[in-house]
Amino acid sequence: MYTNASSAVLLTLETLHISNAYIYPAFLFGTLTYLCIMFFNLLVLTTIACSKKLHKPMFILLLNLPLSDMLGATAFFPHLVFSIVTENRQISYSACVTQAFLIHFYGGGNLFILSAMAYDRYIAICCPLRYNAIMTPHTLVKLIFVIWFMNLSIVATLILLLLRTTVCRTNIVDLFCNNPSLVKLACEDTRVNNYYGLCSIVLFQGGPLLIIMYTYAQILRTCVMNNQTDARRKAIQTCGSHLAVFIILELNTLFTLIAHRLESVSPFLRRALGVSVLIFPPFLDPIIYGLKTKKLKKSITMLLKRNVGS
């Protein structure tokens, strides 16, 4: 039995099963993936911050997505590549809890941000004449504050409930630290943790899903009723990329969390989808929005040309 307050408690993450011949290629691949994620997201972040043309509600909300993506990638990749090259999968309890907090904070943040972006597109397409009156700077600040406050409150409560338990085991069943894996280390009754975990899944997964379903149903109805083909095409193009990003994150996250509660699910599949949540959204988000959003794509091109030219 161990005390959670002791940073001397070492946990062991699931082995990566990488043979000696592939250690350095895997290390190089992981490092390059992390650097690409940071570069692409910083590029989107810098472009929106530096271009006055992009200082609009849609892009201010989008600004939060690369911040969240970089947080998630930083919580996962540095320890991963370090453990690959050192062949050491041990991690202290405090570091594991910190990683779990950051990863859950990233996942919840992305889902809430994408929901807010869907609401913005709903107002822009379904209520274009009232858009400026509704999406004022004051409303935008309140919306961003609510996103991060709700996210922080839910995840912090999740971790605080975890910290009250006593650790009896040291083997993490996943490739990274998360709340379900850490709860399995407890040697006492964890029903409160499990009940709150289910509630957090409903809040993180169900809330954004309902918002997305409602807003996109209204957007689809407006597009069908709109006789302007060009306006309909632009709306579908903008919303299509947003919907693709949301579906990838929603399905992978939901399956990973539910899989922990079902013993019949393959551990390999659960781990693969869990890792994909931390790799594909941070990597693909800036590419999808950078290529599909014309104003952002144009601003990125101008920023790169200006820096290369100087």
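# Why the labels apply: rings, disulfides and a cavity

Mentor: Helix α3 holds both Y119 and Y122, which lie 3 residues apart, about one turn of the helix. Please keep in mind throughout that the model we are discussing is predicted.

Trainee: Why does Y119 count as partly exposed, and what does Y122 count as?

Mentor: Partly exposed residues fall between the 20% and 50% limits of relative accessible area, and Y119, at 31% relative accessibility, therefore counts as partly exposed. Y122 has 15% relative accessibility and so counts as buried, since the limit for that label is under 20%.

Trainee: How do you know that α3 is largely enclosed by the rest of the structure?

Mentor: The conclusion comes from a count, because 26 of the 34 residues of α3 are buried. As for its length, the helix spans residues 93-126 and reaches 49 Å from its first C-alpha to its last, close to the 50 Å expected at 1.5 Å a residue.

Trainee: How many aromatic pairs does the count come to, and what makes the pair of F101 and F105 stacked?

Mentor: The count comes to 11 aromatic pairs. In the case of F101 and F105, the ring centres are 5.7 Å apart and the planes meet at 15°, so the pair is stacked, given that centres must lie within 6.5 Å and that stacked planes are under 30 degrees apart. These two residues are 4 residues apart in helix α3, which means that about one helical turn separates F101 from F105. F101, at 22% relative accessibility, counts as partly exposed, whereas F105, at 14%, counts as buried.

Trainee: Why is the pair of Y119 and Y122 called tilted?

Mentor: Their ring centres are 6.4 Å apart and their planes are at 45°, so the pair is tilted, because that label covers planes that are neither under 30 degrees nor over 60 degrees apart. Elsewhere, ring pairs link Y34, F76, F77 and F176 into a cluster.

Trainee: How many disulfides does the structure hold, and how do you know that C96 and C177 form one?

Mentor: The structure holds 2 disulfides. The sulfur atoms of C96 and C177 are 1.9 Å apart, and a pair of cysteine sulfur atoms qualifies within 2.5 Å. The torsion about this S-S bond is about -110°, so the disulfide of C96 and C177 is left-handed. The pair links distant parts of the chain, with C96 in helix α3 and C177 in the loop between α5 (137-163) and α6 (179-183), 81 residues apart. Both C96 and C177 are buried.

Trainee: What makes the disulfide of C168 and C187 right-handed?

Mentor: The S to S distance from C168 to C187 is 2.0 Å, and the torsion about their S-S bond is about 60°, so this disulfide is right-handed. C168 lies in the loop between α5 and α6, while C187 lies in the loop between α6 and α7 (191-225), 19 residues apart. C168 counts as partly exposed at 27% relative accessibility, and C187 is likewise partly exposed, with a relative accessible area of 34%.

Trainee: Which residues line the second largest cavity, and which element gives the most to its lining?

Mentor: The lining consists of N41, V44, L62, L65, P66, D69, D285, P286 and Y289. The elements giving two or more residues to that lining are α1 (23-50), α2 (57-86) and α9 (267-292), and α2 gives the most, with 4 residues. The lining residues divide into 6 nonpolar, 1 polar and 2 charged, and about 40 Å³ of space lies in this second largest cavity.

Note on methods
Residues are numbered from 1 along each chain as its sequence is written. This is a predicted model: local features need pLDDT of at least 70, side-chain atom pairs count only at pLDDT 80 or more; totals for chains, interfaces and linings use all residues. Side-chain values use heavy atoms; hydrogens and water are left out. On a 1 Å grid over the protein atoms alone, a cavity is a set of points where a 1.4 Å probe fits but cannot get out, and a pocket is an open set with protein on both sides within 12 Å along at least five of seven lines; lining residues have an atom within 4 Å of a point. Grid points are joined across faces, edges and corners, and a volume is the space filled by probe spheres set on the points. Ala, Val, Leu, Ile, Met, Phe, Trp, Tyr, Cys and Pro count as nonpolar, Asp, Glu, Lys and Arg as charged, and the others, Gly among them, as polar. The expected span of a helix is 1.5 Å times one less than its number of residues. Buried means under 20% relative accessible area, exposed over 50%, partly exposed in between (1.4 Å probe, protein chains only). Rings of Phe, Tyr and Trp (its six-membered ring) pair if their centres lie within 6.5 Å; planes under 30 degrees apart count as stacked, over 60 as edge-to-face and the rest as tilted.
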